[in-house]
Amino acid sequence: MADNSTQAISTLFSPYKMGKFNLSHRVVLAPLTRCRALNGIPQAAHAEYYAQRSTEGGFLITEGTWISPTSSGYPRVPGIFTDEQVEAWKNVVDAVHAKGSIIFCQLWHVGRASHPVYQPGGDRPISSTSKAISETLKILMPDGSFGAFSEPRALNTSEISQIVHDYRQAAINAIRAGFDGIEIHGAHGYLIDQFLKDEINDRTDEYGGSLENRCRFLTEVLKAVVSSIGAERVALRISPAIDHMDAFDSDPLGLGLAVIERLNNLQREVGTKLAYLHITQPRFTLLDKAVSVSEEERIGFMQKWRKAYEGPFMCSGGYTRESGMEAVAQGHADLVSYGRLFISNPDLVLRFKLDAPLTKYNRETFYTKDPVIGYTDYPFLAKPNETN
């Protein structure tokens, strides 16, 4: 008699139905800023880069992509708000689809994590607050040097609807470009996270103060995007317990559960699940400011968020082959996204399947402008026998 308990255990290489999408494995390319665009426009190198990391039935998420002229905060990052950008992305999407993969576009607004050099007319960046990111952190400037983040301008209440519209239009543009869906970047101290986190959001209007108010901007963005392209094409990334860009919250567990409650309510309202929820596993870099919790408690955060969310759940944040296998096998995640390992191993899925050695990545070439070095020149394994 077959052992049903053994048969039921999933691995990174088990098929998975993510809403309307049939995936052949659970290894996902995480969103990775690579700074190879020219004037906000994807190049031929982008098509090669993403195609290299595509597999039949695989799933890729693009680098963070600007939704509007005010959303920028890094050099040479692509956008999705002009016709020229949309047309250029079509080449990338076609290259990925030709390999049999599914690809979502990550929609990004950095908010206060910017500088006037990246803003239209040299204006101050916009945010939920007028508080600047601390001087201990630095921003990458267009010339490759590092500078201080500038003081942002808190959005007027009346301006917020325009930013919501920018997300909506960017999502529509992504579908026009052929993307299978979009991931809203609500993590890592960028604009949406600046509204969510109580150590940043000091507003006194209906977008600040209580959890309900701090979640309002995200909820409005989600509803606008879902109503435009359909819930099954929409995903969200959050990082309630990550302090990147001074993004602290006094109750990260509660914040994550509050966001999830709103996602579940939205799914019930529209009668369709979102594509997935993507959460970066808890880790703190500035423990003196963050909530002091044990490693066991941090792991418990992810399990509680996963249990609470009524849909596909993706985790990320330093996973290895072994820890990814464990996360899926134990039911702690349906999908695992990989970043740095995918940079230096374009055939990461195959290497994981074979448990083959991995090529080490070179941090010095993560954000250069070279279209080949550190981008599309990492080696592949010698072609194996057709046994997998």
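Are Phe-59 and Tyr-276 buried or exposed? Both Phe-59 and Tyr-276 are buried. Keep in mind that you're looking at a predicted model.

Let's start with the aromatic side chains. The structure holds 17 aromatic pairs. Take Phe-21 and Phe-104: this pair is edge-to-face, with 5.7 Å centre to centre and 75° between the planes. Phe-21 sits in strand β2 (residues 21–23) and Phe-104 in strand β5, so the pair links distant parts of the chain, 83 residues apart. As for accessibility, Phe-21 and Phe-104 are both buried.

Now back to the two residues from the opening question. Phe-59 and Tyr-276 have ring centres 5.7 Å apart and planes at 80°, which makes their pair edge-to-face because that label applies to angles over 60 degrees. Phe-59 belongs to strand β4 and Tyr-276 to strand β12 (residues 276–280), so this pair ties together parts that are 217 residues apart in sequence. Put the four residues together and you get a cluster: ring pairs link Phe-21, Phe-59, Phe-104 and Tyr-276.

Strands β4 and β5 come up again when you turn to helix α2. The buried residues of α2 pack against β3 (27–29), β4 (59–66), α3 (83–98), β5 (102–108) and α11 (340–344). Of the 9 residues in α2 (residues 44–52), 7 are buried, so the helix is largely enclosed by the rest of the structure. Those buried residues are Ala-45, His-46, Ala-47, Tyr-49, Tyr-50, Ala-51 and Gln-52.

Next, the charged side chains. The count of salt bridges comes to 13. One of them joins Asp-83 to Arg-176, with the closest N and O atoms 3.3 Å apart. Asp-83 is in helix α3 and Arg-176 in helix α4 (residues 160–176), so the bridge ties together parts 93 residues apart in sequence. Asp-83 is exposed, at 52% relative accessible area, while Arg-176 is partly exposed at 41%.

Helix α8 (residues 252–270) takes part in salt bridges too. Its Arg-262 pairs with Glu-212 of helix α6 (residues 211–214), so parts 50 residues apart in sequence are tied together. In this salt bridge the closest N and O atoms are 2.5 Å apart. Glu-212 is partly exposed, with a relative accessible area of 46%. Add Glu-261 and you have a network of salt bridges linking Glu-212, Glu-261 and Arg-262.

Further along α8, Arg-268 forms a salt bridge with Glu-310, the closest N and O atoms being 2.7 Å apart. Glu-310 lies in the loop between α9 (295–308) and β13 (313–316), so parts 42 residues apart in sequence are tied together. Arg-268 counts as exposed at 51% relative accessibility, and Glu-310 as partly exposed at 33%.

Definitions and conventions:
Residues numbered from 1 in each chain as written. Predicted model: local features only at pLDDT ≥ 70, side-chain atom pairs only at ≥ 80, totals over all residues. Heavy atoms only, no water. Buried < 20%, exposed > 50% of the residue type's maximum accessible area, 1.4 Å probe, protein only. Helix = DSSP H or I, 4+ residues; strand = E, 2+ residues; numbered from the N terminus. Contact = heavy atoms within 4.5 Å. Phe/Tyr/Trp six-rings, centres within 6.5 Å; stacked < 30°, edge-to-face > 60°. Salt bridge = Lys/Arg side-chain N within 4 Å of Asp/Glu carboxyl O.
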